[in-house]
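Q: Could we go through this model together? I have a few short questions about it.
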Amino acid sequence: MPARKVHVVIADDDPRLLRLVARTLELEGYQPLAFADGQQTLDALCQQIPDLLLLDVMMPKLDGFALCRRVRDFSTVPIIMLTARGSADDKILAFDAGADDYLTKPFSVDELLARIRAVLRRAELTATEQVAHIQAPVTVGDMHVDFGQHSVTFQGRALALTPIEYRLLAYLAENAGRVVTQDLLLERVWGPEYLGESHLLQVNINRLRHKLEADPAHPRYLLTKVGIGYLLAAYPQPSAPPPSDLIAAPSVRA
């Protein structure tokens, strides 16, 4: 039987770019579905979730940032933002809204395809990775990570995590009690091409803290080793403050 085609929803108000991206994806074996505004895209996503979502930022009716936040209310579908706005602040806005990657216009077809492959690869563990992750579940305080089921529960309830959030938390759980450097996290979770992109870690750690911590500004679980990296506390203390060199990372403001 032929392999199932990967469904990709594209949202952009530039008709020429929309046609170009859709045609490129078709030629590469993907099944694209194109929309010209944010609200139309949201309506379609409420009916069926694709394998990947490509979002322009500046769109009528509902912009890409707002659409990304709305989608994250009900789906962990991988999202790549496509936009002419390439400032560091815009990237942080995109990642804080829930995007998995960010591509600045103008971009080459080859770069777009490479980003798509990378995001899809991160979103779905390969058979080799699945075998590597079949290990005993890890319990840290009220959090339970089941690597075989690719799931995390906290205080008995399942956490809705994006693929990136799961991979980040799972890797920290594998190394619970040990500081993991920023570069190692970036390489293991995103890939070597993302070394130095510290804002990715800041935004995703911040999102995880808001899902895990009773007080994200004073975390018990996800701690920051200033200037080095992050760790998942092996034995979270309910009330004791962290050591002076283990503090929460500053919140990333949207």
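Q: Which residue stands opposite Thr224 in E12?
A: Tyr230 stands opposite Thr224. Please note that this is a predicted model. The two strands concerned, E11 (residues 222-225) and E12 (residues 229-232), pair in the antiparallel sense over 4 bridges.

Q: And how many residues lie between the strands of that hairpin?
A: The hairpin of E11 and E12 has 3 residues between its strands, and Gly227 takes a positive phi near 75 degrees there.

Q: What is the order of the open sheet of 4 strands?
A: The order is E6-E7-E8-E9, with antiparallel pairing. Strand E6 (138-140) and strand E9 (157-158) each have a single partner strand, so each has one side without a neighbour in the sheet.

Q: How many bridges join E8 and E9?
A: E8 (residues 151-154) and E9 pair over 2 bridges, in the antiparallel sense. Within E9, Ala158 is the bridge partner of Thr153.

Q: Turning to the interior, how many residues has the largest nonpolar core?
A: That core has 57 residues, and Ile79, Met81, Met143 and Leu172 have the most contacts inside it. Helix H7 (residues 163-174) gives the most to this core, with 8 residues. Apart from it lies another core, of 19 residues, among them Leu17, Leu82, Phe107 and Val119.

Q: What is Met143 in contact with, leaving aside its neighbours within four places in sequence?
A: Its contacts include Thr153, Phe154, Leu169, Leu212 and Tyr221.

Q: On to charges: which side chain meets Glu165 in a salt bridge?
A: The side chain of Arg207 does, at 2.7 Å, N to O. The pair links helix H7, which holds Glu165, with helix H9 (residues 198-212), which holds Arg207, and the two residues are 42 apart in sequence. Both Glu165 and Arg207 are buried. Lys211 also forms a salt bridge with Glu165, the closest N and O atoms being 2.7 Å apart.

Q: Is Lys211 buried or partly exposed?
A: Lys211 is partly exposed, because its relative accessible area is 28% and buried means under 20%.

Q: And Asp101, which partner does it have?
A: Asp101 and Arg115 meet through their side chains in a salt bridge (2.9 Å, N to O). Asp101 is in strand E5 (residues 101-104) and Arg115 is in helix H5 (residues 109-123). Asp101 counts as buried at 1% relative accessibility, whereas Arg115 is partly exposed at 21%.

Q: Lastly, where is Ile49?
A: Ile49 is in the loop between helix H2 (38-47) and strand E3 (52-56). Beyond its neighbours within four places in sequence, Ile49 is in contact with Phe74, Ser75 and Val77.

Methods
Residues numbered from 1 in each chain as written. Predicted model: local features only at pLDDT ≥ 70, side-chain atom pairs only at ≥ 80, totals over all residues. Heavy atoms only, no water. Core = buried A, V, L, I, M, F, W, Y, C linked by side-chain atoms within 4.5 Å. Buried < 20%, exposed > 50% of the residue type's maximum accessible area, 1.4 Å probe, protein only. Contact = heavy atoms within 4.5 Å. Pairing = 2+ DSSP bridges. Salt bridge = Lys/Arg side-chain N within 4 Å of Asp/Glu carboxyl O.
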